[in-house]
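With the model open in your viewer, follow the stops below in order, making each selection before reading what is there.

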Amino acid sequence: MTGLPDGKLGRSGTRLESWKQIAAHVNRHVTTVRRWEKHEGLPVHRHVHSALSSIYAYTSELDAWMQAREAKEFLYPPPAQAPAAAAVYRSTIPPSVLSTVKPSPVPLLGREPEIETLWNVWRTASTGHQKIGIIAGEVGQGKTRLLFEFANLARSQAKVLTGAWDREALVPFAPFVTMLQWVVRGVDSAKLRSVLGRIGGSHELAQLVPEIANSVQPRAPGVEVTSENRRFLMFDAFAQLIAALSCDCPILLLLEDLHWADTGSLLFLRHLIRSTTDAAFCILITYRENEPDGLALSDPRLHDFLREFEPTRIHLDGLPAEDVRRFVDIWKGYAATTQLTDWIVTTTEGNPLFVTEMLKHLDETGYLNRELPARNLGIPDRIREVIRHRFVRLSPVCKKILTLGAFIGRGFSFRLLEVLMDMSEDEMLASIEEALAAKVVNETPGVPGEFSFTHALMAETLYADTMAVRRARLHHRIGKALELLSTPENLRLEELAYHFTEGAVYDREKAIDYATVAGHNAHDRLAFEEAARYYGMAIRTLCLVSPGPDIGGKRVELHILSGRSWFQAGQWAHAKTEFEAALGLLDRSELVKRCELLVNIAEVSFWLMDVPAMRRIANEAELLADRIGRDDLWANARAWMASAQLADGDVLGAIASDRQTLSRVGGVRSFGLARVPLTLYWAGQTGEAALRAEQSVEGARASNDPAFLLYALQHLGICLSGVGRYDEALLAFSEACSLGRDCGSSSLLARATSMSVAPLFSLSEFARATDRAMEARELARRAGFQPPLISAGIDLLLIYARTHDPGRAESLLVEIQQAVDSAGGWHAWKWKMRLFQARAELALSKNEWSEAITFADQAIELSNWRHRPKYQAMALTVRARARHELGVRKAVDDARASVDIARRISDPALLAECLSILLLEDETDESLAESRRTIDKVLLGVTEASLRQSFLTRFRTQGELQPNRRINVVPVESYR
């Protein structure tokens, strides 16, 4: 499909920008919607521009298509007896219980394969071949939700009847009584009278539902029959009634909670199934697994039932992690942080009920929209009640062992239990077998003697139900047992640290030592958040120790270690809190350490965009470093002072300051100075920027500081791209993103991903650039880090402009404009300048020449004021194009000026773009030759065929955009 004309943009509902968004809207898997688009004509649009392969769709078109598909999906050849099924359904079936089901604020997620299975079952049944399906799963997995969601999809062409068993079984044959009541109330009385008049057993049905007597005079049996025969007549009458009604329209019968079924109802259901094998009749049943008081699947009654009828079985487990994240995002109304979604995924294991209850709990406790504490969030009462119910039937000894296992962790070993429990081996094994039979724990496959709780919240519930004094004692006992079982080669540091700190009242020193070493170990594995957590455990334990000089010094060191770990994880607010705590505890005579902490605080203030604090603290650090003769600390402090100059828009002043600093210390060897190459790049001094960036990466590798290396690699990538070394730039960004994922620094990963758009954009690989920008925005949303969110958003606006799809930018433009209007510091002027450029290019793509000139004028003025020559050249090309269209002679002056600037910058892709505009205005042999040389230079820096083709295609299509004008462009074929 091709894109819609511009005139239709904005009139077809919300615009969706990816397969993932389309799949979420229609509540199907991505593979399903791709298949629909390919084979069934799902209305998905592709861009006209040949260099862009991205897609988009409009919600109103999708909704209309889905409605048409659903209608078509159910228009099967009906049974010969009744051609007008839909009309009969509308006139005979009552307002179903479906209409009373409370709608969920979140659509059904992650159940696409199960829905497809149900469709297959229904298709067969609706053509006159009875089918049965059983949806099984533990409490909260969404069995009822799935059942009723499907029924709502099918109800337009089905009689939907519902019934349920309950624990108390107060009404005999309860689900069938409920269904029969619905039939009596909803079916036309004449129709019902006719059907009941043709079948026997109406007298017995009236015993179930007395209202039947209002429709037909029940006929008592002509001869005396036994109670067993009367029950058979009742079963058979119900089956005949269902079969008769299915002649008009296929019947979908929903039965809930098979685990509560009594023997009589199972016999009723068995007779119904046996008697309606040739009816257009589908039975869907839900069954709760591991219900202590319910029927087990191994019960002979259920076992025989399943063996005889071989229903289609659907087993529901927890939702996949990605669907839980979507659930949380939809619940909140916007993208949730990674911390929140990861915690929900881990805690609930995808159980939809638990996810919902946890979100309500977080909302009630005030943590839904702020950072989660390290622990002690508690378990919602409803979840706790569900889980406690699982322990009701267990013996006291079994519960004692499980409680101890809960204190050990999600998983525990029989060997450790043996050390802890004063109990015979046989007695312990019998209790564990009891827990296994109750599905409270599982054996770890392939590891005999290792067990784990079937759900993390089971262990949490047992733990929470134990009083605090006993908790501390149990943790200490477990810690001592772990010591006995550990060897120097296999020291279980993390477990020892956890248990000894939780039982620290019994051995403070050991708790502090284990927690500190565990923190070091986690840091060495790049698990920075874990390292900070262990250092925090040590700090909390230190509070139990009497104050003294040694204790104070140890607290300072631990706060510093924690701060560094948080910093390397990109959690700058936490890092600042730790550094400030260390500074507050530090002895005033320790000047070197004080200076180091001041530099650290200035650094985190930079990332927190707190420019006043950064300027004030960096100035204090610079003076102190000069006083104690520490050039390295002095250089770092100077770097953050220069960053404050950048925030004021003084790019050249910052560069001058950086050069003075580098002349004294000799090179880029610290995190603060790693910003220097980026500033040079901004100022158009791309050659020196690339050189400094390479030095910075070399220094970062030597420092063994992952955050420094991650920061330096991003700047190396952007600087190499600026001098046409695209292959090397892409490798630098690839390493940066990989490192960001490895060390869990979500904020810096979002920044690296955002900056990696640059080489793809320069080479006109707009499809991949779009994907990368969207990925960066998603990462930034989850990290709660605004700069990449806005920067990548502006990149998307520029991409939409260059792919001649301005309608796609409409909603995004509003978001970006609001963010720019409220920004401060260096982001205020930088984003404003880039947004002027994006607006100019969008206006150009809409043939709004005067508006393009207005925005270009503003971009030129701001880029000239802030010494950003690249954007000055880009804005000049826009103004030249717009003036050309308006017939203004100054267009050639703008084109020449842009070329002059691009030559000074030495960015070959930019120069090629500027030269293409100059050729439009003033083609000469010299300019054409320079254009060919420049394109050659670009191609020398990139080896990937698709990237080379994308770049060349842009110049080929320059002529296509202006069909009435002669534009000399370099043929693509010349470079094949």
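Begin by selecting α25 together with α27: here V556, E557, I560 and F567 of α25 are in contact with K593, L597, E603, V604 and W607 of α27. Colour this contact by residue class, and its members fall into six nonpolar, no polar and three charged. Bear in mind throughout that this is a predicted model.

Keeping the same pair on screen, turn the view until both axes can be followed; α25 and α27, the latter covering residues 591-607, pack at an angle of about 30° with their axes 12 Å apart. Since angles under 35 degrees count as roughly parallel, α25 is therefore described as roughly parallel to α27. The crossing in which α25 passes α27 is left-handed.

Next, hide α27 and bring in α26. How do the axes of α25 and α26 cross, and within what distance do they come? The axes of α25 (residues 549-568) and α26 (residues 572-585) come within 8 Å and cross at roughly 160°, and these two helices are therefore roughly antiparallel to each other. As α25 passes α26, the crossing is left-handed.

To see the side chains of this second contact, select R555, V556, H559, I560, S562, G563, R564, W566 and F567 in α25, which meet W572, H574, A575, E578, F579, A581, A582 and L585 in α26. The residues of this contact divide into ten nonpolar, four polar and three charged.

F567 leads on to the interior, so leave it selected while you add the next set. Within the largest nonpolar core, which has 85 residues, those with the most contacts are F567, W607, W640, F671 and I718. Helix α33, residues 706-722, supplies the largest share of this core, with eleven residues.

Centre the view on I718 and show its surroundings: once neighbours within four places in sequence are set aside, I718 is in contact with L678, Y681, F733, M755 and A758. Another core lies apart from the 85-residue one; this other core has 75 residues, and L359, F451, F453 and I512 are among them.

From I718, step across to P677, which is located in helix α31 (residues 676-682). The two residues are 41 positions apart along the chain, while their C-alpha atoms are separated by 9.3 Å. Is P677 buried or exposed? With a relative accessible area of 0%, P677 is buried. Not counting residues up to four places away in sequence, P677 touches A689, R692, A693 and C719.

Now select S754, which is found in helix α35 (residues 746-755) and is buried, with a relative accessible area of 6%. Around S754, display A776, P788, S791, A792 and D795, which it touches when residues up to four places away in sequence are not counted.

Move on to L835, whose place is in helix α40 (residues 825-845). At 2% relative accessibility, L835 counts as buried. If you draw a C-alpha to C-alpha distance from L835 to G793, the value is 9.7 Å, although the two are 42 residues apart in sequence. Leaving aside neighbours within four places in sequence, the contacts of L835 are with I794, L797, L813, I816, Q817 and V820.

Two further helices are worth selecting for what surrounds their buried residues. In α14 (residues 338-348), the buried residues are L340, T341, I344, V345, T347 and T348, and they pack against α13 (321-332), α15 (352-365), α20 (456-464) and α37 (766-783). Follow the chain out of α14 and you reach E349, whose phi is positive, near 55°.

The other helix is α22 (residues 493-502), in which L493, L496, A497, H499, F500 and T501 are buried. What covers these buried residues of α22 includes α17 (396-408), α21 (468-485), α23 (508-524) and α24 (528-542).

Finally, zoom out to the whole chain. The protein has 46 helices and eleven strands, and of its 976 residues 57% count as buried. Considering contacts in the protein with a separation of 6 or more, residues 24 or more positions apart account for 69% of them.

Note on methods: Residues numbered from 1 in each chain as written. Predicted model: local features only at pLDDT ≥ 70, side-chain atom pairs only at ≥ 80, totals over all residues. Heavy atoms only, no water. Axes fitted to C-alpha atoms, helices over the stretch in contact; angles between N-to-C directions. Helix = DSSP H or I, 4+ residues; strand = E, 2+ residues; numbered from the N terminus. Parallel < 35°, antiparallel > 145°, perpendicular 65-115°, else oblique. Left-handed = near helix turned anticlockwise from the far one by under 90°. Contact = heavy atoms within 4.5 Å. Nonpolar A, V, L, I, M, F, W, Y, C, P; charged D, E, K, R; others polar. Core = buried A, V, L, I, M, F, W, Y, C linked by side-chain atoms within 4.5 Å. Buried < 20%, exposed > 50% of the residue type's maximum accessible area, 1.4 Å probe, protein only.
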